[in-house]
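User: Please take a close look at the second largest pocket and the strand that contributes most to its lining, and then place them in the wider chain.

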Amino acid sequence: MIAPAILAAVLLAAAPAEVIVPVACDESLHSGQPWLHEITLGGWLPTGEGTLLRLSDGMASVRTGGAMVRERSFAPLPFEPDVFAYDPETPRLAIAAVPPGMRDGLGSRVAVWQDGRWKTRAEPRAEVTALFWHGATLHAAVTTCTSRRCSNSTSQSELMDLPEELVVWKTLAPGARAWQDVLSLPVPQPWREELGRHYPRGKWDFDIGRWQLAIRELTAGFFRPTPSGRFWFVGKGLGPVQLRDARGRLETMVAIPGLVPQFRSSSRALGSGVVRLPAAAILAAASLREDLLVLAWLDGGLGVVQIDPRGTVTTRLLPEGTTIRQLWVEEGRVQVARPCGVLPLVPSSDE
């Protein structure tokens, strides 16, 4: 683990936010494209270009203007991936997935195309939720496993003992035999307090496992690279936004003003009634050149928060009653869905 010095920490007071209305877009724009009818995964390059991986034939490509360019086949894929990272310049591809079965139920397998063939890489002992290349080093956003064995076989003691910190970012350097932990984040105190109220220490309940899983998923979050080689990280729950260099050293930390904690109700595992679980306050994130855009639940409703590398924050609310849950950048335009729209946002910095 690393403990870098904070170069900039910004805590901003909430200010009245303007309401930003998306410009409607044509949802049928790409309806005639054949790749829409294939089973594909989507990803992004640090430049902001979208990437696609077609599972039927392992074809990776960069999406430009609705067309697929810089295509390369990596068939046959050694397993069906959940996430991937494509570097069209090398070219190379990394894939990761949680395999079926009890033994590896919560940890991802990783494979990399190298020297014309697939090679299995060390298991990260976590679920990989995003992959990116920075040079020859592979970066992964992860959700840590609920057991030391990284399997579905979890003891009561492991479920009752929530770690003080959870790993959210790992790297795998060329030739390395193990993944390196780059960033760990503390479990937010409000969740610890809520967990303690529901499950006093030493009291066993089947739903404590669901609390554990929810907290692990929400401490982890969105991991987005920038063209300069830096990485934005923001947890799905209550954690601050962080900008770090490729070695994990902290450059900027920003608390999102007006972020509202979320909870969801779910039927109890055994018996009647419901259990109240923490839920995502941050729904999506995307890089806009060197800036970060975050789609989040704010005081006033759903909004988009724009943060530049200096820590300057601009908050804009979406129209009341919006159902938008996705946000990404394509060809320099900020896209949202559903419904389909384009947000009139521009980068605040070209650093």
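Analyst: The account below begins with the pocket, moves to one residue of the strand, and ends with the chain and several of its loops.

This is a predicted model, in which local features need pLDDT of at least 70 and side-chain atom pairs count only at pLDDT 80 or more, while totals for chains, interfaces and linings use all residues. Residues are numbered from 1 along each chain as its sequence is written, and side-chain values use heavy atoms, with hydrogens and water left out.

The second largest pocket (an open set of 1 Å grid points that fit a 1.4 Å probe, with protein on both sides within 12 Å along at least five of seven lines) has a volume, the space filled by probe spheres set on its points, of about 360 Å³. Its lining (residues with an atom within 4 Å of a point) comprises 20 residues, of which Cys-145, Ser-147, Arg-148, Pro-163 and Arg-216 are the closest to the centre. By class, the lining of this pocket holds 8 charged residues (Asp, Glu, Lys, Arg), 7 nonpolar residues (Ala, Val, Leu, Ile, Met, Phe, Trp, Tyr, Cys, Pro) and 5 polar residues (the others, Gly among them). At least two lining residues come from each of α1 (156-160), β14 (165-172) and β15 (180-186); helices (H or I, at least four residues) and strands (E, at least two) are DSSP runs numbered from the N terminus. The largest share, 4 residues, is supplied by β14.

Strand β14 also contains Lys-170. Although its side chain is charged by class, Lys-170 counts as buried (under 20% relative accessible area, 1.4 Å probe, protein chains only), because its relative accessibility is 9%. Two polar partners are found for the side chain of Lys-170. With the side chain of Asp-181 it forms a polar contact (N or O atoms within 3.5 Å, one able to donate a hydrogen and the other to accept it) at 2.7 Å. The side chain of Lys-170 also reaches the backbone oxygen of Pro-124, at 3.2 Å. Beyond its neighbours within four places in sequence, Lys-170 is in contact (heavy atoms within 4.5 Å) with residues including Ala-126, Leu-138, His-139, Ala-140, Val-142, Trp-179, Gln-180 and Val-182.

Arg-125 is found in the loop between β11 (117-121) and β12 (126-134). Phi of Arg-125 is near 55 degrees, a positive value in a residue other than glycine. With a relative accessible area of 41%, Arg-125 is partly exposed (between 20% and 50%).

For the wider setting, the protein chain has 3 helices and 28 strands, and 50% of its 351 residues count as buried. Among contacts between residues at least 6 apart in sequence, 51% join residues at least 24 apart.

Elsewhere, Ile-324 sits in the loop between β25 (313-317) and β26 and is buried, at 2% relative accessibility. The C-alpha atoms of Ile-324 and Ala-337 are separated by 5.1 Å, with the two positions 13 residues apart along the chain. Contacts of Ile-324 outside its sequence neighbourhood of four places include Pro-22, Leu-295, Leu-302, Leu-318, Ala-337 and Arg-338. Ala-337 and Arg-338 are joined by a cis peptide bond with omega of about -20 degrees, and Arg-338 lies in the loop between β27 (333-337) and β28 (341-343). Another cis peptide bond links Ala-75 to Pro-76, with omega of about -10 degrees; Pro-76 lies in the loop between β7 (67-73) and β8 (83-87).
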